[in-house]
Amino acid sequence: MKQTNLLLLLATLHILISSCAGNRETVEKLSDHVNPNIGSVHSRWFFYTPAAVPFGMAKLGPSTNGSYGNANGWEAVGYEDGHSSIEGFACFHEFQIGGVMLMPIVGELKTKPGTLENSAEGYRSVFKKENEYATSGFYSVLLDKYNTKVELTAADRVGYQRYTFPQSDESYILFDIGNKLGESGAVEDAYIKVIDDTTIEGYVITKPEYVKKYQPEASVNMYFYAKLSKPFTDAKTFLRADTVTTEKEIKGAGACLAVKYNTATDEQITVTIGQSYTSIENAKLNYEAEALDQNFDSAMEKASQRWNDMLGRIQVEGGRQEDKVKFYTGLYHALLGRGLANDVNGAYPKNDGTIGHLPLDKNQKPTYNYYNTDAIWGGFWNLTQLWALAYPEYYSDWVQSQLLVYKETGWLGDGIANSKYVSGVGTNFTSLAIAAAYNCGIRDFDYQLGYEAALKNEIDEVNRPSGAGKLDVGAFVKRGYCPYIPSDDYFITKQDEGSVFGASHTMEYSFSSYAVAQFAKNLNKEDDYQRLSKMASNWENLFDSETELIRPRMLDGSFLKNFDPMAAWAGFQEGNAIQYTFYVPHEPNKLIDKVGQDVFNERLDSIFIHSQKNTFGGGKTVDAFAGVHALYNHGNQPNLHVSWLFNFSGKPYLTQKWVRAICNEFYGVDGLHGYGYGQDEDQGQLGAWYVMAGMGLFDVKGLTQINPEFQIGSPLFDRIEVKLNKKYYKGDKFVIEARNNAPENMYVQSLNINGKAQQSVAIPFQDVVNGGILKIEMGTEPNHDLKQ
């Protein structure tokens, strides 16, 4: 009897254990909430790369119109959710960087991709949306023309493409290497070579539009080393749209190579591609280091694990499913952009075209990594705050990447592509972001060099290269403002006395002067602190008391005549006077005092009431600049702090109201309505804004003050847990509990931090990263007693 009971007990325990194990296996992954197709209509080249790991070099995705290129280097091109045909699957996707596209083909080998309007004339294939799937780390699609399934995944520096072919005597894998792709610009040279019947290698050298603008002598190089899982039977080479030959290598712009197979039904062939920005040898080294011990499935599983670990730094519970999709898709975009650019041995491309080497640890691994990056313009209202809070190790690497360019050239870059200057906006906020990192306690970089670089960026004009931006900074320092010099050319790169964007530059330089002033004070550099602090108030020189707006000044010191506050581009980059008047994030109280608190609140509230009718930007117009003529434009960087200014004007509940409305209405969950309607997401910055707003934490000052602090908003979820990096911070985790939270309960009723009640909507950054619990009681009516 006892033995029978024991067997029953053991069986019961086995069932319970098996059940628990099964539950663990079926627990929803955070990546299940990621939908890369959101907002992909009219998106940039680097936007849609689902087959990648966080901050990776290998970023694979389908191209629907990447071969079209773009005339000015910034237009939307690459993949769009509404397109119905695919021309290939590219491996490099970065700001101003695009190349190495592959395509499986069955039947006749065509030598040009064809067009969206006429896919039959080329090798592109139509596909159905129901046969496409994308998430963080993986992409798959069925190509109808070839009845071939394509799957993509990636490691840091290695891309994987797996094709499931039908039965055919003419199955090909095309390497389209020598043609412009995305933001790559024109191809200067390319090379592809068959090494043996499973190995292909090559390179492509491109001249992106922004490199042409800022460093005309420079280029961007991409290298690859590809291994095929099955030997091919034949190889053909050709220049695009030209005659096919049987040569085993080809050189020059337009270079393409196709390898041929006899395939059985559902036969799978995998191409594993080592990538590098320095050499074919290092592409091979990256392949050997990251791919020799794994296949497509194991790489896919590791990519999924990487994503879920990184997404899991911030875990949310409760709230609407739609909000979780927006949140984790936004976080995915924030972790996708600005990718790895050094090899496993520390080699990286330098500004002068040579190869540099990062310092190595005792295991011969780089002590930090080098990254390519779009400009940080506006990124301090989303990306750097998110990095500082949950990914400080990446923030540190980003700073050190910028300092590599400074050490080589003597100047900070803003956007950098393989260390080449590619400032998309002609200004430079890198100094502000370095200052914020230091003031947040991220100090494992050469911060004395960082300060030297930051100070130079704020005050020095002598021999300043155009790629460093801020060419009119000398006028800002000497005159106290940047004069507005009208021009039909918005992209003038050399105008020392002023700028076509003189007014917006004045506002921007004032903010960055404040940030570096705080950096100076933290380092006990009192003279610099005093000088920079005075410059931080230079924006006041453009405040017109008659209109109570920021108004451009001319070279002679007079205000612009025939002033139209709604005129976009007239002294203001990607905006207008109404929008830029609120661009005083570092001194909001000064701005409020100039018009009076009541007037300030009434005007700003009215702006949001009006803007809500236009989806807080450009309405449903599909264009990156649709909202530059509007009163408020959430689709572009200069406006992203404005909804949080009510925290400084005595009405925090209006910040809670309008931030919630923007999250609900500007952001969507489909291809067209994702980040506005076809707006410019810029490597994760709009996604990161949603993440910060969704947590209810944001700093108008971009964490630039000596003791930075977050303003508390209206969290979208019942519970938010941020895992903290113990290398940088004392705490293990910071938890936000929003009680009685619901879509209609948008207003904060009370705040309690680590057991202590407070009336202020501010919380020091240090208190957050030291760990603890913020408890927020939510309700349907505003609490008028809360204050900054």
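**Exercise 1. Find the strand that pairs with strand 28, and place both in their sheet.**

Step 1. Strand 28 (residues 709–712) pairs with strand 33 in the antiparallel sense, over three bridges. Strands here are DSSP runs (E, at least two residues), helices are runs of H or I with at least four residues, and both are numbered from the N terminus. Two strands count as paired if DSSP finds at least two bridges between them.

Step 2. For a register point, take Gln-711: its bridge partner in strand 33 is Ala-762.

Step 3. Now widen the view: three strands make an open sheet with the order 27-28-33 and antiparallel pairing. Strand 27 (697–698) and strand 33 (762–764) are its edge strands, each pairing on one side only.

A word on the model before going on: it is predicted, so local features need pLDDT of at least 70 and side-chain atom pairs count only at pLDDT 80 or more, while totals for chains, interfaces and linings use all residues. Residues are numbered from 1 along each chain as its sequence is written, and side-chain values use heavy atoms, with hydrogens and water left out.

**Exercise 2. Describe the surroundings of strand 12 and say how covered it is.**

Step 1. Look at the partners. Strand 11 (residues 186–196) runs antiparallel to strand 12 and is joined to it by nine bridges, and a hairpin links the two through two residues. Strand 13 (residues 220–228) also pairs with strand 12 in the antiparallel sense, over eight bridges.

Step 2. Fix the register. Ile-192 stands opposite Gly-202 in strand 12, and Ile-200 stands opposite Ala-226 in strand 13.

Step 3. Check burial (buried is under 20% relative accessible area, exposed over 50%, partly exposed in between, with a 1.4 Å probe and protein chains only). In strand 12 (residues 199–207), nine of nine residues are buried. Thr-199, Glu-201, Tyr-203, Ile-205 and Lys-207 point one way, whereas Ile-200, Gly-202, Val-204 and Thr-206 point the other way.

Step 4. Follow Ile-200 into the largest nonpolar core: of its 241 residues, Ile-200 is among those touching the most other members, together with Ile-173, Phe-175, Tyr-395 and Trp-689. Such a core is a set of buried Ala, Val, Leu, Ile, Met, Phe, Trp, Tyr and Cys residues joined through side-chain atoms within 4.5 Å. Helix 11 (residues 502–522) gives the largest share of this core, nine residues.

**Exercise 3. Work out where Arg-44 sits and what it touches.**

Step 1. Arg-44 is in the loop between helix 1 (2–26) and strand 1 (61–63).

Step 2. Is Arg-44 buried or exposed? Arg-44 counts as buried because its relative accessibility is 8%.

Step 3. Beyond residues up to four places away in sequence, Arg-44 touches Trp-74, Glu-75, Ala-76, Val-77, Phe-95, Glu-183, Asp-680 and Asp-682; contact means heavy atoms within 4.5 Å.

Step 4. Within that list, pick out Glu-183: its side chain and that of Arg-44 are joined by a polar contact of 3.0 Å. A polar contact is a pair of N or O atoms within 3.5 Å; within protein, one must be able to donate a hydrogen and the other to accept it, and residues adjacent in sequence count only if both atoms are side-chain atoms.

**Exercise 4. Contrast two non-glycine residues with positive phi.**

Step 1. Asp-266 has phi near 60 degrees, and Asn-418 has phi of about 55 degrees.

Step 2. Asp-266 is in the loop between strand 16 (255–263) and strand 17 (267–276); Asn-418 is in the loop between strand 21 (416–417) and strand 22 (420–421).

Step 3. Asp-266 counts as exposed at 56% relative accessibility, whereas Asn-418 is buried at 1%.
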